[in-house]
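Reader: I should like to learn how to read the strand pairing, packing and burial in a model of this kind. Where should one begin?

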Amino acid sequence: RGGGGGFGQRGGSADKARQALQASSRGGGPNSSAPGGQRPGERQQLLELVQLLKQRAMLPVAVFCFSKKRCDGAAEGLGALDLTTSSEKSTIHVFLEQCLSRLRPEDRELPQISWLRGLASRGLAVHHAGLLPIMKECVEMMFCQGYIKVLFCTETFAMGVNAPTRTVVFHSLRKHDGKSFRWLLPGEYTQMAGRAGRRGLDAVGHVLVAAWEDIPGETELRTMLTGRGVSLESAFRLTYSMILNLLRVEDLRVEDMMKRSFAEWRAQRSAPRDAQALAAVDAELSRLAARPWPGCYAGCTREEVAAYHELTTQIGALDGQVAEAVMGGKGAAAALVPGRLVLWSNPVNGLTELAAVLALDYAPAPAAGGAGGGGGMVRIGGVMVPAGGGPAPASSGSGADRRVALLVAHRPGSVDERHARHAAAAASGQASAGGSGTASRTTSTTLTPATSSRQMEDEFAGMVMVGGKKGG
């Protein structure tokens, strides 16, 4: 790290240097009226960049521009550049004549075709959705054969075309996603940068970020380069109509169709790893079952403890059904009002504690299959029910969950400290807020009739923990 006000100094000096570079890149120059959406001075910068890549033997290059207009303008700005030999010019001319021979004579003289032929003869080309399909195919074939030295393309070139190159240049790291301008996502950057390096031809692929206009900050650049890409999820769903249609085809069964889906491929790929994990768990269970039963002051056997656990599980399931039925009535919903004293069933230690209702509101219900936050029980009319889940008012719409803010009078104990240690170990790597360590805390949680105490443990531990890393 350098000293003074240079780039080595972190903090505000780096931001000032970046802003100074941005201001200088926007300054006027000999090309102040550059066409095609180009910045002033951009034509000269592109020309110098291509000449530098040629001197260092880093051609061919794919320059990703996130605008069709900018692709055309950048290619037009290199009109004085010629990167092909006489032999390559002859080959390109013969190839284009053969490809365009299928068109009518008047179609071969279209402005776009004439313009692209002139660019291709000099080793330049563009590739975006605005080109004619036959010209896009010609450009792709010439680029793969190495006759196109500099290709200005959009993001679609990296998605559906297997055309690696020696060097990839990003004209900018910001793109418009249909709503606003944003930085490239890690997956988008990886997809385009992965084109650099041809198998069997290049030992190293080069990726250059020519961010003349928008110089990224350290945080954005680190997120884009080292972030995790978006994983692909299969959208294949087997429907009744699909099954009926498959029954009409004798050569294809439903099982065969399912095996060809992307979801089944991922499942088969992860099957060996899942089998190893299952075998490890089974071995651990066998080892624990083979251990001698520890002594108990009540003289309980292993079978008695297992039967007790089964009974408590059944009781919990029945309590959930009763709670759902009770909270479906208007009386239970009317009982939960601000100022009402209730009994809170602590999901951490199982004790019943005194609490006061502070506030109520309604929030959208979580999606099916998602984890609905909440937990704990409230005693209303002699029945222990989850704190919430009553019918929503008409203005809140269907599918609303009740959110209840409770002030719980809790006396911390050893159970809380032990549970807090387990919760902190399970939530390692996640950001957490500091707690004040008072005996009376306030918490606001989404509560639904179908919630379980397990879903509430980590969140409630932050409320009952004294002097820890989490806080209510």
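Author: One may begin with a single bridge: valine 169 has leucine 208 of β7 as its bridge partner. The model is a predicted one. The bridge belongs to a parallel pairing of β4 (residues 167-170) with β7, which comprises four bridges.

Reader: How should such a pairing be understood in general, and in what order do the strands of this sheet stand?

Author: Strands of a sheet pair through backbone hydrogen bonds, in either a parallel or an antiparallel sense. Here five strands make up an open sheet with parallel pairing, in the order β2-β3-β1-β4-β7. Because β2 and β7 (206-209) are at the edges and have a single partner strand each, one side of each lacks a neighbour in the sheet. On average, neighbouring strands of this sheet are turned by 20° against each other, direction ignored.

Reader: Which helices pack on the sheet, and what directions do they take relative to β4?

Author: Helix α2 packs on the sheet and touches β1 (61-64), β3, β4 and β7. The direction of α2 makes about 165° with that of β4. Helix α8 (residues 186-193) lies across β1, β4 and β7, and runs at about 140° to β4.

Reader: How are the side chains of β1 to be read, and which bridges does this strand form?

Author: In a regular strand the side chains alternate between the two faces of the sheet. In β1, Val61 and Val63 point one way, Ala62 and Phe64 point the other way, and all are buried. Strand β1 pairs with β3 in the parallel sense over four bridges, and valine 61 has valine 150 of β3 as its bridge partner. Four bridges also join β1 to β4, again in parallel; there, valine 63 stands opposite valine 169.

Reader: Which residues of the largest nonpolar core touch the most other members?

Author: In soluble globular proteins, nonpolar side chains tend to be buried together. The largest nonpolar core here has 56 residues, of which Phe64, Val150, Leu151, Phe152, Phe157 and Phe170 touch the most other members. Helix α6 (residues 133-145) supplies the largest share of this core, six residues. A second, separate core has 10 residues, among them Leu336, Val342, Trp344 and Val408. As for phenylalanine 157, its contacts beyond four places in sequence include Phe64, His127, Glu140 and Arg195.

Reader: Is threonine 165 buried or exposed, and what lies around this residue?

Author: The cut-off for burial is a relative accessible area under 20%. Threonine 165 has 1% relative accessibility and therefore counts as buried. This threonine is placed in the loop between α7 (157-160) and β4. A polar atom of the side chain of threonine 165 lies 2.7 Å from the backbone oxygen of proline 60. Beyond four places in sequence, threonine 165 is in contact with residues including Pro60, Val61, Phe143, Arg195 and Asp202.

Reader: Which residues of helix α3 are buried, and what covers them?

Author: In α3 (residues 68-77), the buried residues are Arg70, Cys71, Gly73, Ala74, Ala75 and Gly77. Their cover includes α2 (42-55), α5 (111-121), β2 (124-127) and β3 (150-153). At the start of α3, a side-chain oxygen of serine 67 comes within 3.4 Å of the backbone nitrogen of lysine 69.

Reader: What values describe the chain as a whole?

Author: The chain contains 16 helices and 13 strands, and buried residues account for 33% of its 472 residues. Of the contacts with a separation of 6 or more, 73% are between residues 24 or more positions apart.

Definitions and conventions. Residues numbered from 1 in each chain as written. Predicted model: local features only at pLDDT ≥ 70, side-chain atom pairs only at ≥ 80, totals over all residues. Heavy atoms only, no water. Buried < 20%, exposed > 50% of the residue type's maximum accessible area, 1.4 Å probe, protein only. Helix = DSSP H or I, 4+ residues; strand = E, 2+ residues; numbered from the N terminus. Contact = heavy atoms within 4.5 Å. Polar contact = N/O pair within 3.5 Å; in protein donor to acceptor, adjacent residues only side chain to side chain. Pairing = 2+ DSSP bridges. Axes fitted to C-alpha atoms, helices over the stretch in contact; angles between N-to-C directions. Core = buried A, V, L, I, M, F, W, Y, C linked by side-chain atoms within 4.5 Å.
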